[in-house]
Every structure is written in structure tokens, then in C-alpha cells.
Amino acid sequence: QQHELIRQEKLASVGQLLAALAHDLRNPLGVIRSSAQVVLEGPQEEPIRQEMARYIIDEVDKLSLRLHDFLRYARQKPPDLKAEPAEAVVRAALRQWEAQGGHERIRIEQQFGNALPSIQVDPEQVKEALMNLLINAREAMPEGGTLTLTTRAGPGNKVEIEVADTGSGIAPEHLSRIFEPFFTTKAYGTGLGLTNVKRLVEDNGGTLAVTSSQGMGTTFSLCFHPAS
Ligand code: ADP
Ligand code: MG
């Protein structure tokens, strides 16, 4: 128990360090990105410059996503609960994800249930959880595939949100580890995305489940209480 306490304290101070670092890196990254944007939009006589500028912007965007994982891991906020239709949260997440690009080869299917009760959640936090799942789905389908977003009635008047992809799937021996902080199978992954998803969903009174089949795809289901 003493041991567990020390471990918790260590994790907390590592978290603070990460938050400070991530925060410090955000401003210079923003300056690099907007400078590259200026070069990108400048005179076209040397195409290599445009190519390099594009490269800088893409890499900065990747870094920013990683920083966001770290910041969210380190900085917890209590949810600001209100009644919100699940469909609206899913649509907002989808819009934000589509704005990042990289989904050109992915077919998107939306199956929204009729007359579902609103859910009692912090819409920003649930949107962020869904965004993480959508990013993972995109990364699991580099050659394209189908992304299916579903809302439906769950047990006990609850509402279920499902994010399903037809990507690589998760190896059985990895399935029990995917929610562990820093567990990743990606060369440039943080392993914090699903850790954050789980915490966000549970902070919002929800539950999270996953099923996956290698080579077939992965489905994450989130279940939330209805607003009364
Ligand atoms: P990261 O994306 O940085 O690797 P995550 O916590 O988001 O970290 O995911 C942890 C691991 O779970 C991933 O590295 C990957 O192996 C696996 N994973 C998560 N989502 C999916 C998915 N939709 N399809 C296949 N594997 C997934
Ligand atoms: Mg991820």
C-alpha cells in the first residue's frame, strides 16, 4: 500500500513535468507552423520550398497531436455535465476529425438511433474521447476501410455510442494492455490515447468496452446515462 502511494506520487509528478513541457512547446510550434504556412503560400518558382514547407506543417501537426495526448494525460478536469444528444457529440467529433484530413480512403457510415434520450455528460470531454478513437481508427486503416458510427438504446435507458473500424484489429495478447499508460505498438505513438479515453468516459459516468478481431477490425462501445 505504501508502495502504491509512492507510485501514485511519482506518476503525479511525472504528469506535472509533462504538462509543463507540453505547454512550453505549444507556442514555438505554433510559430513554426505559421511561418511554414507563409513559405508555402509564397512564390512558386522553387517547388522544393513548397514541398519542404508542407513537410514542416505535417510534422508539426503530428507533434501537436502527441503533445495533446500528454497534456490531457497530465491535466485532469472535472466534467461539466449537461444534457446533450449523443448524436450531436458524435457529429462534432466527426467534423473535427475530418478537418484533420487523412480520411480520403475511409468510407464513413452513420447509424443514428431515433428518439434516443439525451445523455448526461460534458460534451467537450466525450467529443475528445471519440476523437481519440477516430484517430486510432484512421491509423488502423492506412489502406482505407469503413468507419461506422452508431448511436442506439442501451440497457436501462442508457445510450450506447459505437465506433467500429475495419482495420488491422488488435492482437489477443495486446487487448488486455491497450488501456495501460504508454502502451503502444506504433513507432510514433504515445500510448496515452486510450488511457485518456477510458478516464474521460469514466469521469463522465460512462462505461467503455472493446471487441477486436485481427485482420477484421475493432469496435469500441461507450455507454452513458440518460439525462433525466
Ligand atoms: P497510440 O495510438 O499512441 O499507440 P493508444 O492508447 O491510442 O496509443 O492505443 C494503444 C494501442 O492500442 C495502439 O498502439 C494499437 O496497438 C492499439 N489500438 C488502439 N485502437 C486501435 C484500433 N482501432 N485498431 C487497432 N489497434 C488499435
Ligand atoms: Mg492513439
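Strands β6 and β7 run antiparallel and are joined by seven bridges. The model is predicted. Within this pair, Ala-209 of β6 has Ser-221 in β7 as its bridge partner. The two strands make a hairpin, with three residues between them. Gly-215 sits in that turn and has a positive phi of about 80°.

**The sheet**

The hairpin belongs to an open sheet of five strands, ordered β2-β4-β5-β7-β6, with mixed pairing. Its edge strands are β2 (106-112) and β6 (207-213), each of which pairs on one side only. From one strand to the next, the twist averages 10°. At the β2 edge, the pairing with β4 (residues 145-153) is parallel and spans seven bridges. There, Ile-106 is bridged to Gly-145 in β4.

Two of the strand pairs compare as follows.

| Pair | Sense | Bridges | A bridge partner pair |
|---|---|---|---|
| β2 and β4 | parallel | seven | Ile-106 and Gly-145 |
| β6 and β7 | antiparallel | seven | Ala-209 and Ser-221 |

Strands of a sheet pair through backbone hydrogen bonds, in either sense.

**Helices on the sheet**

Helix α3 (residues 86-99) packs on the sheet and touches β2, β4 and β5 (159-165). The direction of α3 makes about 160° with that of β4. Helix α4 lies across β2, β4, β5 and β7 (217-224). It runs at about 20° to β5.

**Helix α6**

Which residues of α6 are buried? They are Gly-193, Leu-194, Thr-195, Asn-196, Val-197, Leu-200 and Val-201. Their cover includes α2 (47-74), α4, β6 and β7. Just past the end of α6, Gly-205 adopts a positive phi of about 75°.

**Around ligand 1**

The shell around ligand 1 holds 22 residues, of which Ala-140, Thr-184, Gly-189, Gly-193 and Leu-194 come nearest. Two elements, α4 (123-140) and α6 (193-203), each give two or more residues to this shell. Gly-193 and Leu-194 are also among the buried residues of α6. By class, the shell has 13 polar, seven nonpolar and two charged residues.

**Record annotation**

An unreviewed UniProt entry places the feature "domain: Histidine kinase" at residues 20-228. The end C-alpha atoms of this span lie 39 Å apart. The span is 46% helix and 21% strand.

Definitions and conventions: Residues are numbered from 1 along each chain as its sequence is written. Chains are lettered from A and ligands numbered from 1 in the order in which they are written. This is a predicted model: local features need pLDDT of at least 70, side-chain atom pairs count only at pLDDT 80 or more; totals for chains, interfaces and linings use all residues. A residue is near a molecule or strand if its C-beta atom, placed from the backbone, lies within 6 Å of it. Helices (H or I, at least four residues) and strands (E, at least two) are DSSP runs, numbered from the N terminus. Ala, Val, Leu, Ile, Met, Phe, Trp, Tyr, Cys and Pro count as nonpolar, Asp, Glu, Lys and Arg as charged, and the others, Gly among them, as polar. UniProt positions are given in the numbering used here, feature names are shortened, and annotations may be inferred rather than shown by experiment. Two strands pair if DSSP finds at least two bridges between them. Axes are lines fitted to C-alpha atoms, for helices over the stretch in contact, and angles run from 0 to 180 degrees between N-to-C directions. Two residues are in contact if their C-beta atoms, placed from the backbone, lie within 7 Å. A residue is buried if 20 or more other C-beta atoms lie within 10 Å of its own, exposed if 12 or fewer, and partly exposed in between; C-beta atoms are placed from the backbone.
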